[in-house]
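Trainee: Please take a close look at one part of this model, the largest pocket, and then place it in the rest of the fold.

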Amino acid sequence: ECIEKARTSVKRAHFGIGSGEHLAFKNKSFDLVFFTFSLHHQESKLALQEAHRVLEPNGQVIIIEPVSDSEAQHLWDLFEDETQVLENALNAVEASNFLVEHKDIFFASAIFENKEELYNCFFDWHNLESDERMIKKMNNLLGEKMHIQPVNLEEKLLLFSLRKKEE
């Protein structure tokens with residue numbers, strides 16, 4: 001549904017669903033590749049190699065990844081600890097065949113009308129039924145913030161701009 005909406009909204013772009021580890025495109029067919037909250041969900045080294053393959057000479061990669069010590073990430077880690085895969089993704093970027101042109105940390109907010117909306121977001125994402133034990137852990141982690149509406153969850157993110165080296 002989101003892909004169809006994007007296709008109708010942005011005419012000069014290709015939108016698809018697939019694995020970053022096995023891109024179904026010809027060599028040197030794109031000038032830009034995005035990884036948004038996705039590099040750590042796959043074999044990062046392979047995904048970056050595929051991005052390199054499909055990029056034209058001097059092509060660019062933009063990566064946005066969560067940082068493991070952010071408030072939001074601590075909540076995600078209650079459901080599935082992503083600390084190691086996030087570290088692996090960062091290591092893959094640093095070891096890749098790309099020139100790191102820019103690396104920066106920035107902050108974003110995820111705003112939920114109330115704590116129930118926050119709970120639903122996390123349980124629905126993981127296809128889990130609401131769990132009082134987990135809700136207690138979430139409440140303990142966020143403390144007083146859970147009593148303020150809307151609930152403002154801080155996300156600490158890393159932004160990379162990479163450039164394919166001249167061939």
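Mentor: A pocket here is an open set of grid points where a 1.4 Å probe fits, with protein on both sides within 12 Å along at least five of seven lines. Rolling a probe the size of a water molecule over the atoms shows where empty space is left. The model is a predicted one. In its largest pocket there is about 930 Å³ of space.

The lining of this pocket is made up of 24 residues, and His14, Gly16, Leu23, Val33 and Phe34 are the ones nearest the centre. By class, 13 of the lining residues are nonpolar, nine are polar and two are charged. Strand 1 supplies seven residues, the largest share of the lining.

Strand 1 leads to the sheet. The sheet is open, has four strands in the order 1-2-4-3, and its pairing is mixed. Strand 1 (30-36) and strand 3 (98-112) are the edge strands; each has a single partner, so one side of each is left without a neighbour in the sheet. From one strand to the next the twist averages 15°.

At the other edge, strand 3 pairs with strand 4 (residues 151-164) in the antiparallel sense, over 14 bridges. Within this pairing, phenylalanine 106 stands opposite leucine 157 of strand 4.

Two helices lie across the strands. Helix 3 (residues 71-79) lies across strand 2 (55-66) and strand 4, and runs at about 100° to strand 4. Helix 4 (residues 83-95) lies across strand 2, strand 3 and strand 4, with an angle of about 25° to strand 4.

There is also a second largest pocket, with about 400 Å³ of space. It has 17 lining residues, and those nearest its centre are Phe37, His41, Trp76, Glu82 and Trp125. Helix 3, strand 3, helix 5 (115-125) and strand 4 are the elements that give two or more residues to this lining. The lining of the second largest pocket divides into ten nonpolar, four polar and three charged residues.

Some local details remain, beginning with the loop that precedes strand 1. Lysine 28 lies in the loop between helix 1 and strand 1. Its phi is near 55°, a positive value in a residue other than glycine. A second backbone detail is the cis peptide bond between glutamine 149 and proline 150, where omega is about -5°. Proline 150 is placed in the loop between helix 6 (132-142) and strand 4. For comparison, most residues other than glycine have a negative phi, and most peptide bonds are trans.

Helix 1 (residues 2-9) holds both arginine 7 and glutamate 4, which are three residues apart, about one turn of the helix. These two residues form a salt bridge, with 2.6 Å between the closest N and O atoms. The count of salt bridges comes to seven.

As for the whole protein, it has six helices and four strands. Along the sequence they follow the pattern α-β-α-β-α-α-β-α-α-β. The C-alpha trace spans about 55 × 35 × 25 Å along its principal axes.

Definitions and conventions: Residues numbered from 1 in each chain as written. Predicted model: local features only at pLDDT ≥ 70, side-chain atom pairs only at ≥ 80, totals over all residues. Heavy atoms only, no water. Pairing = 2+ DSSP bridges. Axes fitted to C-alpha atoms, helices over the stretch in contact; angles between N-to-C directions. Contact = heavy atoms within 4.5 Å. 1 Å grid on protein atoms, 1.4 Å probe; cavity = no way out; pocket = protein on both sides within 12 Å on 5 of 7 lines; lining within 4 Å. Points joined across faces, edges and corners; volume = space filled by probe spheres on them. Nonpolar A, V, L, I, M, F, W, Y, C, P; charged D, E, K, R; others polar. Salt bridge = Lys/Arg side-chain N within 4 Å of Asp/Glu carboxyl O.
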